[in-house]
Amino acid sequence: MENPQGGNYAKESLNMDGVIPILMYHSISRQSGAAFFRPYAVPPERFAEQMAYLYNNGYTTLGVTQLIEARQKNHIPERCVVITFDDGFADFYVDALPVLKRYNQTASVYITTGYVGATSLWMQPDEGNRPMLTWEQIKAIQEAGVEIGAHSHTHPQQLDVLPVNKAYSEITRSKELLEQQLDRPILSFAYPHGCHSPRLCQMLKRAGYTSACAVKYAFSTPTDNPFALARIIITPDTDQQKFAASVAGKGWPISPVHERIQTKGWRFVRWCAHRLPRTIRLRWRELLSRPIQINRNLPPQ
Ligand SMILES: [Zn+2]
């Protein structure tokens with residue numbers, strides 16, 4: 001595979017077809033709560049089976065900054081899988097960290113700094129009670145060799161359409177708070193809901209980050225945009241067969257080189273909607289959520 005900076009990647013140093021699976025987890029718990037959250041809660045025993053599979057089959061796990069450094073050195077480990085956790089739920093400390101330690105694995109955990117030590121209030125009312133990591137736990141996670149990254153301060157619904165100053169504040173405030181607490185540079189960011197844009201990529205670079213995770217439901221590659229890394233989601237329905245295929249580089253598309261025109265168009269629509277007066281936005285949301293009334297006593301035509 002060609003490296004844009006010159007040189008070639010050794011074929012055997014990559015997974016099949018030169019793809020890099022970046023796994024995306026959220027909560028490791030049995031408690032799925034509201035329907036919308038069910039895909040994001042992987043039971044602890046399933047997570048433990050998956051990490052055991054990686055260990056028993058010779059995979060090397062990396063955090064995101066380790067991947068970026070390996071890319072720069074042109075030396076991506078053989079059978080490499082990157083593991084990420086979004087949001088900063090407290091169940092990571094209880095049900096994921098001991099498993100990672102057991103199998104000598106690592107990962108990146110992205111913290112929503114405005115809710116540290118509290119609950120998942122950005123998901124009120126249905127999922128607002130999930131305990132979040134405390135600062136003490138986050139420090140212990142870092143000491144255990146797991147990378148801590150930023151996931152914004154308040155977890156906005158659509159970071160990519162916020163006004164520039166608000167978006168920049170989300171990016172820098174979370175970085176500064178984590179750096180103050182952990183006394184280490186915070187280099188990686190994960191976009192809330194995966195909402196990213198070329199403008200946000202520039203802001204992250206300016207703020208001192210070296211990478212950012214998007215979603216894309218696709219495999220990353222050694223030449224994937226470091227500020228919009230593609231990830232694949234692991235859900236409670238990811239059985240061992242599907243997991244094995246995913247980490248072997250099968251069953252998902254490969255990250256597109258250029259942003260699709262539909263993605264740009266959809267962002268523009270959301271950008272316009274975000275700038276509508278609040279009263280119109282609320283009325284629009286109310287109309288969309290109203291059940292359809294069927295009049296069963298219509299007069300004959
Ligand atoms: Zn999130």
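User: Hello! Which residues does D95 touch, not counting residues up to four places away in sequence?

Analyst: Welcome! This is a predicted model. In it, D95 touches I28, S29, P44 and F47, once residues up to four places away in sequence are set aside.

User: How far apart are D95 and F47 in sequence and in space, C-alpha to C-alpha?

Analyst: In sequence they are 48 residues apart, while their C-alpha atoms are 8.7 Å apart in space. That value does not clash with the contact, because contact is judged between C-beta atoms, which must lie within 7 Å.

User: Why is D95 called buried?

Analyst: The cut-off for a buried residue is 20 or more other C-beta atoms within 10 Å. D95 has 20 such atoms, so D95 counts as buried. Its place is in helix α3.

User: What makes α1 roughly parallel to α3?

Analyst: Helix α1 covers residues 44-56 and helix α3 covers residues 91-102. They pack at an angle of about 20°, and their axes are 10 Å apart. That makes α1 roughly parallel to α3, because angles under 35 degrees earn that name. The crossing of the two helices is right-handed.

User: Where do α1 and α3 meet, and which residues take part?

Analyst: On the α1 side there are P44, F47, A48 and M51, and they meet D95, A96, V99 and L100 in α3. Sorted by kind, the residues of this contact come to seven nonpolar, no polar and one charged. The charged one is D95, because Asp counts as charged.

User: How do you know which residues of helix α6 line one face of the helix?

Analyst: Start with the buried residues of α6 (residues 198-207), which are L200, M203 and L204. Seen down the axis of α6, they fall within an arc of 100°, so they line one face. The face turned away from the buried side carries the exposed residues Q202 and R206.

User: What do the buried residues of α6 pack against?

Analyst: They pack against α5 (164-182), β8 (188-190) and β9 (211-216). As for the helix pair, α5 and α6 pack at an angle of about 35°, with 10 Å between their axes. Their crossing is right-handed. In α5, A167, Y168, I171, T172 and K175 meet L200, M203, L204 and A207 in α6. This contact divides into seven nonpolar residues, one polar and one charged. K175 is the charged one, because Lys is counted as charged.

User: What puts the buried residues of α2 on the same side?

Analyst: Helix α2 spans residues 64-72, and its buried residues are V64, Q66, L67 and R71. They cover an arc of only 155° around the axis, which puts them on the same side of α2. Just after α2, N74 takes a positive phi of about 65°.

User: Why is H155 called buried, and why is H193 called partly exposed?

Analyst: Set each count against the cut-offs: 20 or more other C-beta atoms within 10 Å for buried, 12 or fewer for exposed, and partly exposed in between. H155 has 22 such atoms, so H155 is buried. H193 has 15 such atoms, so H193 is partly exposed.

User: What is phi in H155 and in H193?

Analyst: H155 has a positive phi of about 55°, although it is not a glycine. For H193, another residue other than glycine, phi is near 60° and positive too. These values deserve a remark because most residues other than glycine have a negative phi. H155 sits in the loop between β7 (147-150) and α5, and H193 in the loop between β8 and α6. A glycine can be added here: G208, just after α6, takes a positive phi of about 105°.

User: How do you know that the peptide bond from Q124 to P125 is cis?

Analyst: Its omega is near 0°, and the bond is cis. Most peptide bonds are trans. P125 lies in the loop between β6 (108-111) and α4 (135-143).

User: And the whole protein chain: how many helices and strands are there?

Analyst: There are nine helices and ten strands. Of the 301 residues, 37% count as buried. Among contacts with a separation of 6 or more, 66% come from residues 24 or more positions apart.

Note on methods
Residues are numbered from 1 along each chain as its sequence is written. This is a predicted model: local features need pLDDT of at least 70, side-chain atom pairs count only at pLDDT 80 or more; totals for chains, interfaces and linings use all residues. Axes are lines fitted to C-alpha atoms, for helices over the stretch in contact, and angles run from 0 to 180 degrees between N-to-C directions. Helices (H or I, at least four residues) and strands (E, at least two) are DSSP runs, numbered from the N terminus. Angles under 35 degrees count as roughly parallel, over 145 as roughly antiparallel, 65 to 115 as roughly perpendicular and the rest as oblique. A crossing is left-handed if the near helix is turned anticlockwise from the far one by less than a right angle, and right-handed if clockwise. Two residues are in contact if their C-beta atoms, placed from the backbone, lie within 7 Å. The arc is that of the directions from the helix axis to the C-beta atoms.
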